[in-house]
Amino acid sequence: MPKTVIILNGVSSSGKTTLAKAIQKYSHEIWLHVAMDNFIAMLPDGREFDREWFPMAEVSREGEVLPQMTNGPSGEALLLEMRRLVRGLSETGFNVIVDEVAKADTIADYRARLGNNCLVVKVDAPLSELKRRERERGDRLIGLACEQSQRVHNGISYDLEVDTHAQTPDALARLILERIAA
């Protein structure tokens, strides 16, 4: 019997990874954490932004020049394999938490692959908080969260929406686990 998949979808610095770790901490079951960032990190350093993989561009929005990451053909193929892996893990009997920055078409693909075995969660925080986290982390492209926040969630119907600034990761993890148990 396929197991549950939790898809944590949100922009850079929204708290997806921290939330995934909290879910693992509070669940009585084992949850595997599959992160988009780890798939991108499989590429050789400096090659992830090549045109074939995940090219970067600059876009102008409301007087700001912001970085925009897109999927090249090889990047798209890699992320398709990630979705196939998630389905395979679920079908093999593993609970999976997916940590993703996905647009509507990707979420639709997850839903088609997983059916009723997935819970799609919008992970968000106020833009001012996203910007603060981005600056403080030191390992993120400044402006990426702002750019992504204007397009990532468009057209997606979520099963649950959480604000990682309004509540702690621990409280949100318990909320998500309660939702799955219901």
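This report covers the pockets, the nonpolar core and a few side-chain details of a predicted model.

**Pockets**

The largest pocket has a volume of about 620 Å³. Its lining counts 27 residues, and the closest to the pocket centre are Ser12, Asp37, Arg137, Asp139 and Arg140. Four helices each give two or more residues to this lining: α1 (16-26), α2 (36-40), α5 (127-137) and α6 (144-149). By class, the lining of the largest pocket holds nine nonpolar, eight polar and 10 charged residues.

The second largest pocket encloses about 330 Å³. Here 18 residues form the lining, and Met69, Asn71, Val101, Lys103 and Arg151 lie nearest the centre. Strand β4 (64-69) and helices α3 (73-91) and α4 (104-114) each supply two or more of the lining residues. Of these elements, α3 gives the most, with three residues. The lining of the second largest pocket divides into seven nonpolar, five polar and six charged residues.

The table sets out the class make-up of the two linings.

| Pocket | Nonpolar | Polar | Charged |
|---|---|---|---|
| Largest pocket | nine residues | eight residues | 10 residues |
| Second largest pocket | seven residues | five residues | six residues |

**Nonpolar core**

In soluble globular proteins, nonpolar side chains tend to be buried together. The largest nonpolar core in this model has 25 residues. Val5, Ile7, Met82, Val86, Val98 and Tyr110 make the most contacts inside this core. Strands β1 (5-9), β5 (95-100) and β6 (118-124) each give two or more residues to the core, as do helices α2, α3 and α4. The largest share, five residues, comes from α3. Helix α3 also gives the most to the lining of the second largest pocket.

**Isoleucine 6**

Isoleucine 6 belongs to strand β1. Is isoleucine 6 buried or exposed? Isoleucine 6 counts as buried because its relative accessible area is 0%, and the cut-off for buried is under 20%. Its C-alpha atom is 8.2 Å from that of asparagine 95. Along the chain, isoleucine 6 and asparagine 95 are 89 residues apart.

**Aromatic rings**

How many aromatic pairs does the whole structure contain? The search finds zero. One ring does have a charged partner: the charged end of arginine 174 sits over the ring of tyrosine 26. The distance from that charged end to the ring centre is 4.1 Å. Tyrosine 26 falls within the residue range of helix α1 (16-26).

How values were computed. Residues numbered from 1 in each chain as written. Predicted model: local features only at pLDDT ≥ 70, side-chain atom pairs only at ≥ 80, totals over all residues. Heavy atoms only, no water. 1 Å grid on protein atoms, 1.4 Å probe; cavity = no way out; pocket = protein on both sides within 12 Å on 5 of 7 lines; lining within 4 Å. Points joined across faces, edges and corners; volume = space filled by probe spheres on them. Nonpolar A, V, L, I, M, F, W, Y, C, P; charged D, E, K, R; others polar. Phe/Tyr/Trp six-rings, centres within 6.5 Å; stacked < 30°, edge-to-face > 60°. Lys NZ or Arg CZ within 6 Å of the ring centre and 35° of its normal. Core = buried A, V, L, I, M, F, W, Y, C linked by side-chain atoms within 4.5 Å. Buried < 20%, exposed > 50% of the residue type's maximum accessible area, 1.4 Å probe, protein only.
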